[in-house]
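Q: Could you take me on a close look at one part of this protein, the nonpolar residues tucked inside it and those out on its surface? I'm new to this, so please go step by step.

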Amino acid sequence: MSSSLAPSARGGRLALLVVGLCWLAVLFDGLDMFIYGSVLPHMLESKALGITPGQAGDLGSYATFGMLIGALTAGTVADRVGRKKLMVACVALFSLASGICALSGSVAVFGLGRTLAGIGLGGLLPTAISLVSDYARGGRGALTIGALMTAHHAGGILSAYVAKWLVEPAGWRAAFWVCVVPLLYVPVLIKAMPESLSFLVAKGRDAEARELAARYEVGLPARKATGTAPADRFGALLNLFRGGEWIQTLLYWLASFGGLLLVYGVATWLPTLMRGEGYNLGSALTFVVLFNLGGIVGMLIAGRASDRFGAPRVSAIWFALTAAGVFLLSVRMPLGVTFLVVFLTGVFLNSAQTMIYATVSIRSTPDSRATAVGWTSGMGRFGAVFGPWLGGQLLAAGNGDWGFAAFALAGVSSMVFIGIAALRSARRPERTGTEQRLIAAG
């Protein structure tokens, strides 16, 4: 659940500051994530590093495997050391790892770079989501998370243009050198990013919390009255399974698995699969732009709708529409119609997965929020690992058309799991507690 700040203009500016800083970090995250898929058609055609379609799928899975590790560890680490420190570390890691990719002389070294980048990428998203949730204004948690995630798709759009402008004249390595630039953003985060007030209060760091609240003239989140803060690093994880929570937790994890299989399978293979359907490279990269433009629009629509109707309900409907759109991409259509289908698929696909995160974040307590979001993301990363690998195997076997059908089935499975979670949520009230109320600063 969101811990809304005091309704002052100063508090509103603080929320905008946090969202703005996180937005730019997630933009760099999206650039680094999508850049591989954007340059992959060129790498396959030029036989860069001697990679084959099967190896290309493996390399895509290395990054998502790293993201799995990052997501699973980030939540627990963030709930112990703080959101800010972990965000700084993640940005530095994926930026430096892109330098390894740019310098690589073999598939093994390139794969190492993508794995390390994935750890940073996987750790950043749940950390940023948790941080903006802590500062989101009351009743706008899903919309705030949706607005944050537009940055991920803006990064995807940027990756397409980086590939389009740099790969032909300068080679694929130049694109990865661009992904090192976010390293310059690390000092900005260190200087300007405030730590989560909810985290400071939950950890008993009252003096730091009061100083931060006084500096920005905002209220302090109230300390939980129940005293259920985890005694060790596994306590927050165990809280996800206590009582009847284990069923909801597993439903969210299963939905996230199918959703991220779909997201990263499509993100990695969309340009290549569309080229296999007979479109030229320029059109294939245009599909990446349209897909991510749809993601931006979808985040804003889904966030607003989720705050009104419930994030799990919206996510289930969005996954159903996504499955239909992905399946249609296997059908040869006029170029204009295909552009429209790709755009609409982007609208529904990307925000469907994000609304799973929004659901988990909104229903979590401040002291375990990063753990809950991180593990939901982490379990989904198994799907993210499988998706690029599956696409590569189908393409290597000459069955590229089946890639769209496989990804559509993943969308159907996520619709089912999040739909069940939505029905269960409708039978019980949202959590409320003293952690949702504010006490005066100072």
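A: Let's start with one word we'll need: a residue is called buried when its relative accessible area is under 20%, exposed when it is over 50%, and partly exposed in between. Keep in mind that what you're looking at is a predicted model.

Now try that word out on M43, which sits in helix α1, residues 9-46. Its relative accessibility is 0%, so M43 counts as buried. And who surrounds it? Leaving out residues up to four places away in sequence, M43 touches A48, I51, F110 and W172. There's a nice bit of folding to spot here too: M43 and R173 are 130 residues apart along the chain, yet their C-alpha atoms are separated by 10.0 Å.

Next, the cores. A nonpolar core is a set of buried residues of certain kinds, Ala, Leu and Met among them, joined through side-chain atoms within 4.5 Å. The largest one here has 100 residues, and C22 and M87 have the most contacts inside it. Helix α11, residues 245-276, supplies the largest share of this core, with 13 residues. There is also a second, separate core, made of 22 residues, and L44, A48, W172 and C179 are among them. You've met two of those names already: A48 and W172 are both touched by M43.

Back to C22 for a moment. Again skipping residues up to four places away in sequence, C22 is in contact with M87, A128, L131, V132, L148 and M193. So C22 and M87, the pair with the most contacts inside the largest core, also touch each other.

Not every buried residue has to be a nonpolar one, so have a look at T150 in helix α5, residues 141-170. With a relative accessible area of 8%, T150 is buried, because that falls under the 20% limit. Its side chain reaches the backbone oxygen of A147 at 2.5 Å. Beyond the four-place sequence window, T150 touches W23, I296, M299 and L300.

Finally, let's go out to the surface. F257, F382, F386 and W389 make a nonpolar patch there of about 370 Å². Helix α15, residues 369-396, gives the most to this patch, with three residues. W389 is found in that helix, and at 35% relative accessibility it counts as partly exposed. Put W389 beside M43 and you have both ends of our little tour: W389 is partly exposed at 35%, while M43 is buried at 0%.

Technical notes:
Residues numbered from 1 in each chain as written. Predicted model: local features only at pLDDT ≥ 70, side-chain atom pairs only at ≥ 80, totals over all residues. Heavy atoms only, no water. Buried < 20%, exposed > 50% of the residue type's maximum accessible area, 1.4 Å probe, protein only. Helix = DSSP H or I, 4+ residues; strand = E, 2+ residues; numbered from the N terminus. Contact = heavy atoms within 4.5 Å. Patch = residues over 30% accessible without salt bridge, like charges linked within 9 Å, V, L, I, M, F, W, Y side chains within 5 Å. Areas by Shrake-Rupley, 256 points an atom, 1.4 Å probe, with all protein chains shown as cover. Salt bridge = Lys/Arg side-chain N within 4 Å of Asp/Glu carboxyl O. Polar contact = N/O pair within 3.5 Å; in protein donor to acceptor, adjacent residues only side chain to side chain.
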